[in-house]
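Me: Got a minute to go through this model with me? I'd like the overall picture, then some local detail.

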Amino acid sequence: MNGALTALGTRMTGIPEVPLAAGVSGGADSTALLLMLHRFCRERSVPLTAVHVNHGLRGEQSDGDERFVREMCSRAEIPLLVYRADLKDRTDENSARKARYGFFRQAMRESGAQALVLAHHRDDQAETMLMHLFRGAGPEGLAGMRPDSVADGIRILRPLLGIGRQELRDALAADGIAWREDESNGDIRYTRNMIRARIMPEIERCFPGAADRICTAAGLLAGQAGYMAAEADRFIDAYAGRDWMMREPLLKTGEALRAVILRRWWAAGFSGGLDEHALSSVQTAALMAAAENGGAVNLPGGLTARACGQCLHITGGEAPDMTEIPFSGSDITLNGITLRVLPDQGGTGDGIRTQSIPGELAESCVLRTRRPGDRIRPFGAEGSRKLQDYLTDRRIDAPFRDRIPLLCRGSEVLLCAGVGAGNIPRCEDAGSGRITLLWQGEMPWTYRPEVTENGKK
């Protein structure tokens, strides 16, 4: 690598000294990135692996790209992993991207890389921001690509966001380094190519230096989006689980933050880390409306968001857990909730989280979730009731009802975790041998706004 590219390499930013993988297509941008990154890593003894994915979409030209990358890496003595994608006659960019990132994940496992470095530069950033603007994106989308982010389950570094496309090409040309041209980049049927070939040149003609200023704006928005994301994550940690979120605290937030909360909640639990599974602006608006007004919303992956009395739930028709665990006198865990067995603590307990019970009565019980025919004799009440009616009267959201651990004797429910207790003999009627049972774990159905305002109990 000669002087021009070496000088340009000093402007790369945010590269940690950890094992790296670099995506290399053979185009000018990725060729420049790989050679600059190679020098950076060699000087610091940082492991570097090049990764090339041959999508096979351009026939001999795709194979030519692969040969070019192999030869370049061989000359520079850079380890290279090459993968060939089978897109099964799909030619859309989304399918190619999904396959590419699947191979990137595989390459990182094989090489031990801790981050993937990509060659997106300043002009890519400006084009991305415009694409998102034209699609009606909010601040998160208008912030464009981040220099250090996680996408599709991979840590991605973009150290060239402050360098322009032409600067990279000029440096390669000055150093006599060849690269491959992808003729499909000139096909203006693709949105990004249209922006690159027609819209950005006209913007630059009218407003010289516009790309730099667009990227500056994206950076400012990224800072604001980062703040909102941190606030959203704090809310999610306090008021949500993987598939439920408290409605009342959500509705007390501002509308802008509420949208970020819902998108990040969905992304953490259901998008699989894939950008293409993220909520659209329309889906986010529908989810916000459901949280406020009630109702249900269909979401990607055959899932449904349903607003109940306390929570907004994500459901997908999962079968109830039919596990049945005999009581053994030791702690038992079901659905993440533990029934602890303690020496008698005195008193009867509150029936919701703690309950004193004769040991011999507990020995005949099992821990399970509800089943048809279950009944409960609420303590102090006459007769028994259907468990379904009992839970309804206590305003337990329907999606919670099949996951609540129950201590049962046959079809009779003695304890309903976080809800209440059945008719258990009084202390003075039971003689010796009593124990105290304590429910521990996340029981969001126990939340009541009048009881706590500080998050989950």
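Me: How many helices and strands does the protein have?
Reply: This is a predicted model, to be clear. The protein has 16 helices and 21 strands.

Me: And is it spread out or compact?
Reply: Spread out, more so than a compact globule, because the radius of gyration is 29 Å and the globule rule gives 23 Å for 457 residues. Along the principal axes, the C-alpha atoms fill a box of roughly 95 × 45 × 40 Å.

Me: OK, what share of the residues is buried?
Reply: Buried residues come to 47% of the 457.

Me: What about the surface, how much area does the protein expose?
Reply: About 22100 Å², with carbon and sulfur atoms supplying 50% of that.

Me: Which contacts are we looking at, in terms of sequence separation?
Reply: Take the contacts between residues at least 6 apart in sequence: 70% of them join residues at least 24 apart.

Me: Switching to charges. How many positive and negative side chains are there?
Reply: There are 57 positive and 59 negative ones, and the centres of the two sets lie 2 Å apart.

Me: Now something local. Do β8 and β9 pair in the parallel or antiparallel sense?
Reply: Antiparallel, over 5 bridges, with β8 covering residues 295–299 and β9 residues 303–307.

Me: Which residue in β9 is the bridge partner of G295?
Reply: That's A307.

Me: And what do β8 and β9 form together?
Reply: A hairpin, with 3 residues between the two strands. In the turn, G301 has a positive phi of about 80 degrees.

Notes. Residues numbered from 1 in each chain as written. Heavy atoms only, no water. Helix = DSSP H or I, 4+ residues; strand = E, 2+ residues; numbered from the N terminus. Rg over C-alpha atoms; globule rule 2.2 N^0.38 Å. Buried < 20%, exposed > 50% of the residue type's maximum accessible area, 1.4 Å probe, protein only. Contact = heavy atoms within 4.5 Å. Areas by Shrake-Rupley, 256 points an atom, 1.4 Å probe, with all protein chains shown as cover. Lys, Arg positive; Asp, Glu negative; His and termini not counted. Charge placed at Lys NZ, Arg CZ, Asp CG, Glu CD. Pairing = 2+ DSSP bridges.
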